[in-house]
Amino acid sequence: MSSAPSPKIPKFVSVEGSDIHSRSKPDGFRFSLVSYNILAQVYVKSILFPHSPPPSLKWKARSTAILAVLKNLGADFFCLQEVDEYDSFYRGSMLDLGYSSVYMKRSGQKRDGCGLFYKDQRAELVLEEKIEYNDLVNSIQDGNSSNDDEHSNDHSEKQNDAVPKNDPGPKKNADDRRDPNDPRVRLKRDCVGIMAAFKLRDFPHQVIIVANTHLYWDPEWADVKLAQAKYLLSRLSQFKTLVSERFECTPEVIVAGDFNSTPGDMVYQYLTSGNPSSPSMPECSEELPIPLCSVYACTRGEPAFTNCTPGFTGTLDYILFSPSDHLKPISFLELPDSDSPDVEGGLPNYFHPSDHLPIGAEFEIAKE
């Protein structure tokens, strides 16, 4: 009996088309970052992924494959979304590979969350803050509401041929009485994020801030996603000020995650409108707390897709960075073409253990 194919490990491709390591500045520092929605096992049901080979959906196979991808990529930082089984698997398994981590579980009854993993030998965690987007409810008025989607994230968006949006299952009866037009209900989506500041061990005077997040999934609730994006940048700006004052530095800023937003939509335009080369929509004309641009947009162009299923194929994941005289992306993680045999029929499969693809970049910081 033949064994299943090995997971496909992408490579970093130089921005300038030459060998990355031949262009090193003697006084520069390089680090790599990968963002990856690894697909929480709690969401892996055959009815949602009927196109996937059943053995590739089993936890043992998927966990082994995901770990193999992470190990072979060997990034200095991993921003992972939809991390469940954190205590039982990922924390210890990644620690064995030399990674410490910060984890933020989603609110309510949700079992997944965001995990930020970093190589101990390369970076020292000096400050962290968690982002709870349900705090947006407090900006309306005091009041409690319940989440109205049991199957959250982007899977209803991606699997809308298999599962109706806001599928009214038996666990939703209490929420059916809630008014989705009530902002206190609308903004309580149980989404989270993490912000962390690191000192680079080989470059101790430089501090970098890495943020990891996963925004709400529903394409029809763009106002909620935009509110979350604005809250993210507001909190990030405050965090940057705190880090700057505490460590007497000017930190570089990188934001990664699954934004459940396609290139050009309202959330994407808001997040990247701080880039002068990016056209701004009227709704996004306000000044950003932190200007950001997308690594892929400013190098090779946004990929055709980072999420691939028969129900939805498109780009939802981004690595954003604050433009700086000292920080620049020098490589990006390659992604398959739509006609690549390893993505044929949709994900996950034996080659890709998640319905998302990992994205990544290598950055260089020049010494002053």
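Let's start where two helices meet: H2 and H3 cross in a right-handed sense. Keep in mind, as you turn the structure around, that this is a predicted model. Two packed helices are described by the angle between their axes and the distance between the axes. Here, H2 covers residues 59-73 and H3 covers residues 86-96, and the two pack at an angle of about 30° with their axes 12 Å apart. On the H2 side, the residues that meet H3 are Trp 59, Ser 63, Ile 66, Leu 67 and Leu 70. Facing them from H3 are Phe 89, Tyr 90, Ser 93 and Met 94. Sorted by character, the residues of this contact comprise seven nonpolar and two polar ones, with no charged residue among them.

Now step back for a view of the whole chain. The protein chain contains eight helices and 15 strands. It has 368 residues, of which 55% count as buried. Among contacts with a sequence separation of 6 or more, 77% join residues that lie 24 or more positions apart. As for the surface, the chain exposes about 15600 Å², and carbon and sulfur atoms supply 48% of that area.

With the overall picture in place, let's turn to the charged pairs. The count of salt bridges comes to ten, and a good one to visit first takes us back to helix H3. There, Arg 91 forms a salt bridge with Asp 87, with 2.9 Å between the closest N and O atoms. The two residues are separated by about one helical turn, because they stand four residues apart in H3. Arg 91 counts as partly exposed, at 39% relative accessibility, while Asp 87 counts as exposed, at 59%.

Another pair brings together the side chains of Arg 184 and Asp 182, in a salt bridge of 3.1 Å from N to O. Arg 184 is partly exposed, with 28% relative accessibility. Is Asp 182 buried or exposed? At 19% relative accessibility, Asp 182 counts as buried, since the cut-off for that class is under 20%.

Further along, Asp 223 forms a salt bridge with Arg 186, the closest N and O atoms being 2.8 Å apart. Asp 223 belongs to helix H7 (residues 222-247) and Arg 186 to helix H6 (residues 183-186), so this pair ties together parts that are 37 residues apart in sequence. Asp 223 is partly exposed, with a relative accessible area of 40%, whereas Arg 186 counts as buried at 17% relative accessibility. Salt bridges also share partners in this chain: Asp 76, Arg 122 and Asp 202 are joined into one network this way.

Our last stop is Val 210, which you will find in strand S8 (residues 203-214). Its relative accessibility is 0%, so Val 210 counts as buried. Which residues does Val 210 touch, leaving aside those up to four places away in sequence? They are Leu 33, Phe 77, Cys 79, Leu 116, Ile 194, Met 195, Ala 196, Phe 198 and Ile 254. One more distance helps to place this residue: Val 210 and Pro 251 are 10.0 Å apart in space, C-alpha to C-alpha, and 41 residues apart in sequence.

Terms used. Residues are numbered from 1 along each chain as its sequence is written. This is a predicted model: local features need pLDDT of at least 70, side-chain atom pairs count only at pLDDT 80 or more; totals for chains, interfaces and linings use all residues. Side-chain values use heavy atoms; hydrogens and water are left out. Axes are lines fitted to C-alpha atoms, for helices over the stretch in contact, and angles run from 0 to 180 degrees between N-to-C directions. A crossing is left-handed if the near helix is turned anticlockwise from the far one by less than a right angle, and right-handed if clockwise. Contact means heavy atoms within 4.5 Å. Ala, Val, Leu, Ile, Met, Phe, Trp, Tyr, Cys and Pro count as nonpolar, Asp, Glu, Lys and Arg as charged, and the others, Gly among them, as polar. Buried means under 20% relative accessible area, exposed over 50%, partly exposed in between (1.4 Å probe, protein chains only). Accessible areas come from the Shrake-Rupley method with a 1.4 Å probe; for residues, only the protein chains shown count as cover. A salt bridge is a side-chain nitrogen of Lys or Arg within 4 Å of a carboxyl oxygen of Asp or Glu.
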